[in-house]
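Open your viewer, set side chains to sticks, and keep the selection box at hand. We will walk from one stop to the next, and at each I will tell you what to pick.

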Amino acid sequence: MLKVDLHLHTSEDPADVIAHDAYQLVDRAAELGFDALAITLHDRVLAEARLVEYARDKGIVLIPGVERTIEGRHVLLINFPTGTDHVRTFSDLAALRTRSNGLVIAPHPFFPTGNALRSRVVEHADLFDAVEWSYFWTQGLNFNTKAALWARQHGKPLVASSDLHDIRQLGRTFSFVFADPDVDDICAALREGRVSIQTTAVPKIELARVVTGMIRRGNKPPVAVDSPTLAATT
């Protein structure tokens, strides 16, 4: 049984201003007993061999991932070896799935934000392997409940992730995955539903501080989704 978080942002993100870098995130995850992580920058794959080795030395499997903007909506693409930087439409995503065995997760699908999938997850249900239960909920306000109901109705596994933009988020919402500590086996287990979500309501003060911090830090200058500068790092 592995402690896993598959939706994490760091200061290497090309879109959001974030205080912690990937190495600080790995350090904190190791302290909290995580076994596997996917750093999912917006429209950029953080492919740094030194970071993979650093995480391995800490006992953490680092899974390749990206939060890709597809027709203006966010989609988590996990463990795709190549091709994610060319996906701009749902037709592109369907084509990518025929060439690779990567994992497609619907992040915060029914949240009231412009980049949430909402009707698109319904229209393209067959493209998604799993649905996210996000950290961002508190007593009396929970947009995850609709995602959980939709996942159950469509036979999709529910995966809990932090959508981390503030390192204080780590460890409140995550998944236990019943797999060996191997990237492909973890993804296979998630696809097959060998996963248990772990989540607690975020105290309102904590949630306010996290969201306020995100707003205060703001965004980096925008770069086109299909820009070469958003291709995989080396």
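The tour goes through aromatic rings, a pocket and salt bridges, in that order. Keep in mind that you are looking at a predicted model.

**Stop 1: aromatic rings**

There are 6 aromatic pairs in the structure. Begin by selecting Phe111 and Phe143, a tilted pair with 5.5 Å between the centres and 55° between the planes. Phe111 sits in the loop between strand E6 (103-106) and helix H4 (119-123), while Phe143 sits in the loop between strand E7 (130-134) and helix H5 (144-153), so you are looking at a link between parts of the chain 32 residues apart. Is each ring buried or exposed? Phe111 counts as buried, at 10% relative accessibility, and Phe143 counts as partly exposed, at 30%.

Next, select Phe174 and Phe176. Their arrangement is edge-to-face, with the planes at 90° and the centres 5.2 Å apart. Phe174 has a relative accessible area of 9% and is buried. Now add Phe34, which forms one aromatic cluster with Phe174 and Phe176.

Keep that cluster on screen and show Lys3. This lysine lies over the face of Phe34, 4.7 Å from the ring centre, and also over the face of Phe174, at 4.6 Å from the ring centre.

**Stop 2: the largest pocket**

Which residues should you select to find the middle of the largest pocket? Try Thr113, Phe136, Asp163, His165 and Met214, which lie nearest its centre among the 26 lining residues. The space in this pocket comes to about 590 Å³. Colour helix H7 (residues 204-217) as well, since this helix gives the most to the lining, with 5 residues. By type, the lining has 13 nonpolar, 9 polar and 4 charged residues.

**Stop 3: salt bridges**

The structure holds 10 salt bridges. Select Lys58 and Asp27, whose closest N and O atoms are 3.3 Å apart. Lys58 is in the loop between helix H2 (49-57) and strand E3 (61-63), and Asp27 is in helix H1 (residues 22-31), 31 residues away.

Move on to Glu71 and Arg120, a salt bridge at 2.6 Å, N to O. Glu71 lies in the loop between strand E4 (65-70) and strand E5 (73-78) and Arg120 in helix H4, so this pair ties together parts 49 residues apart in sequence. Glu71 is partly exposed, at 37%, whereas Arg120 is buried, at 18%.

Then pick Asp166 and Arg168, which meet in a salt bridge at 2.8 Å, N to O. Asp166 counts as buried, at 9% relative accessibility, and Arg168 is partly exposed, at 47%. Finish with Arg97, Asp129 and Arg191, joined into one network by salt bridges that share partners.

Key
Residues are numbered from 1 along each chain as its sequence is written. This is a predicted model: local features need pLDDT of at least 70, side-chain atom pairs count only at pLDDT 80 or more; totals for chains, interfaces and linings use all residues. Side-chain values use heavy atoms; hydrogens and water are left out. Rings of Phe, Tyr and Trp (its six-membered ring) pair if their centres lie within 6.5 Å; planes under 30 degrees apart count as stacked, over 60 as edge-to-face and the rest as tilted. Helices (H or I, at least four residues) and strands (E, at least two) are DSSP runs, numbered from the N terminus. Buried means under 20% relative accessible area, exposed over 50%, partly exposed in between (1.4 Å probe, protein chains only). A charge sits over a ring if NZ of Lys or CZ of Arg is within 6 Å of the ring centre and within 35 degrees of the ring normal. On a 1 Å grid over the protein atoms alone, a cavity is a set of points where a 1.4 Å probe fits but cannot get out, and a pocket is an open set with protein on both sides within 12 Å along at least five of seven lines; lining residues have an atom within 4 Å of a point. Grid points are joined across faces, edges and corners, and a volume is the space filled by probe spheres set on the points. Ala, Val, Leu, Ile, Met, Phe, Trp, Tyr, Cys and Pro count as nonpolar, Asp, Glu, Lys and Arg as charged, and the others, Gly among them, as polar. A salt bridge is a side-chain nitrogen of Lys or Arg within 4 Å of a carboxyl oxygen of Asp or Glu.
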